[in-house]
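The following exercises introduce a structure through worked solutions. Please read each task, attempt it, and then follow the steps.

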Amino acid sequence: MTLTASKIPQPDSQLIERCKQGDSNAFGAIIKSTQIFAFRLAFKILLNEDDAKDAVQDSYIKIWRNIGNYQPKYLFTTWAHKIIVNTCLDRLKCLQRKKKITDQFVLPVDNTETNLINRDLADLIKQISRDLPEKQRIVFILKDMQDFSIEEISECMNISKGLVKSNLYYARKSIREKIMTIENRRDSNVVQ
Amino acid sequence: MLCNKVQKILTLYDLSKLSLEDRNTLWNHIKNCHECALVDSKMKNYHTFLQRVKSMEPVLKNPEMLTESITRSIQTIDNTVKHEFRFRTGIFIRQLAAAIALLIISIAYYQQKIYISRSVIALNDKYQYNSQQSRQTESFNECLVYSVKQVKYLLKTDDKFAKSILDITAHYSEWELKKMATQICLQGHTEFEQADENVKKEFLLKQIKANLN
């Protein structure tokens, strides 16, 4: 079950205060309690386990560096998710630039069960969101896969709520057609 | 209700949050519109599919390793930041020293400039004073020449004057006349300079007599 930023358990405000004082042990405790949600979000955007881990690591480093700027009037997870989403978007741009190079290499395959689950999920998301423009894909992931609110997406992506809705409308319209194709193909495979 | 609006509502909104009246209007439209009914069916499929995808959460292997890796990175960064701070402090101290040295050099330069300009002003003043002095000397010399001439002239022409001082001044040399004139001038060349011819004569006589006596 996915949890939106506002539903994820918030770190204790005393822990955050200790982090602001430079207590890395307190930050370690925050990492432990929130990293799984950060990883899931990063994985759904980047669709690769290693990239997602790297993005999570970069995001926590940014959070640690900027924790002094965090204002308690916002939810910590909303603020953290904004950093994670932006880090993932930066990484995505970087990966797209390197795509030609990475396509030439065959990545090592790990056939453990957990990796299969991740790969199946990545394949499924890739199938339905493959041809979507980046903004529509990210809005779809944040809204429909991560249950973010329109306000949270607008905040994370620095775009207006109207633009979020418009991107979501076109993304859903495109994906529902793809789902129909996938379902039809699956049905025909079952019949054969 | 227009098809565009219905399809937008079906695609974007949570139908359970619509009012009962809106929902009834929507269902009535869908019942009679094949295109909107198809969109409704596709959206139901969409949500079912989505539920299936959402049930497959990505799995994070060895979360402890990720925590450790992040913590280690942060510690490395902190150490780098501390090192950078020390490095920057060192640079700052050097920059401060350079700035102070530059300030001292600038102050010295400006002091020197002020000193030079003051010296120039002083020299100028001195020059002006000297030229004033030299003007005074010129006027003194003029007075001297005039006095000598007058004394000689009076001795030659003014009988009364000559008689009164002939015995003493007849054998006066040029040099002694000059000396006498100098004394006359020193005593009051400024007054002498400003006086008219007769006054000058009287003055000279008076001074000569005073000197001779």
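**Exercise 1.** Determine whether Asp147(A) is buried, partly exposed or exposed, and describe its backbone and place.

Solution. Step 1: Asp147(A) has 16 other C-beta atoms within 10 Å and is therefore partly exposed; the class is buried for 20 or more other C-beta atoms within 10 Å of a residue's own, exposed for 12 or fewer, and partly exposed in between, with C-beta atoms placed from the backbone. Step 2: the residue lies in the loop between helix 6 (134-145) and helix 7 (150-157) of chain A; helices (H or I, at least four residues) are DSSP runs numbered from the N terminus. Step 3: phi of Asp147(A) is near 55°, a positive value in a residue other than glycine. Most residues other than glycine have a negative phi.

This is a predicted model, in which local features need pLDDT of at least 70 and side-chain atom pairs count only at pLDDT 80 or more, while totals for chains, interfaces and linings use all residues. Residues are numbered from 1 along each chain as its sequence is written, and chains are lettered from A and ligands numbered from 1 in the order in which they are written.

**Exercise 2.** Carry out the analysis of Exercise 1 for Leu47(A).

Solution. Step 1: Leu47(A) counts as buried because 21 C-beta neighbours lie inside 10 Å. Step 2: its loop is the one between helix 2 (24-46) and helix 3 (49-66) of chain A. Step 3: Leu47(A) is not a glycine, yet has a positive phi of about 60°.

**Exercise 3.** How do helix 1 and helix 3 of chain B pack?

Solution. Step 1: the angle is about 5° and the axes are 10 Å apart; axes are lines fitted to C-alpha atoms, for helices over the stretch in contact, and angles run from 0 to 180 degrees between N-to-C directions. Step 2: the two helices are therefore roughly parallel to each other, a term for angles under 35 degrees. Step 3: among the residues that meet are Val6(B) and Leu10(B) from helix 1 and Val39(B) and Met43(B) from helix 3.

**Exercise 4.** Which element of chain B gives the most to the side that touches chain A?

Solution. Step 1: 27 residues of chain B are in contact with 36 residues of chain A, contact being C-beta atoms, placed from the backbone, within 7 Å. Step 2: helix 1 (3-12), helix 3 (34-54) and helix 4 (63-157) of chain B each give two or more residues to this side. Step 3: helix 4 of chain B gives the most, with 10 residues.

Methods:
Contact = placed C-beta atoms within 7 Å. Parallel < 35°, antiparallel > 145°, perpendicular 65-115°, else oblique.
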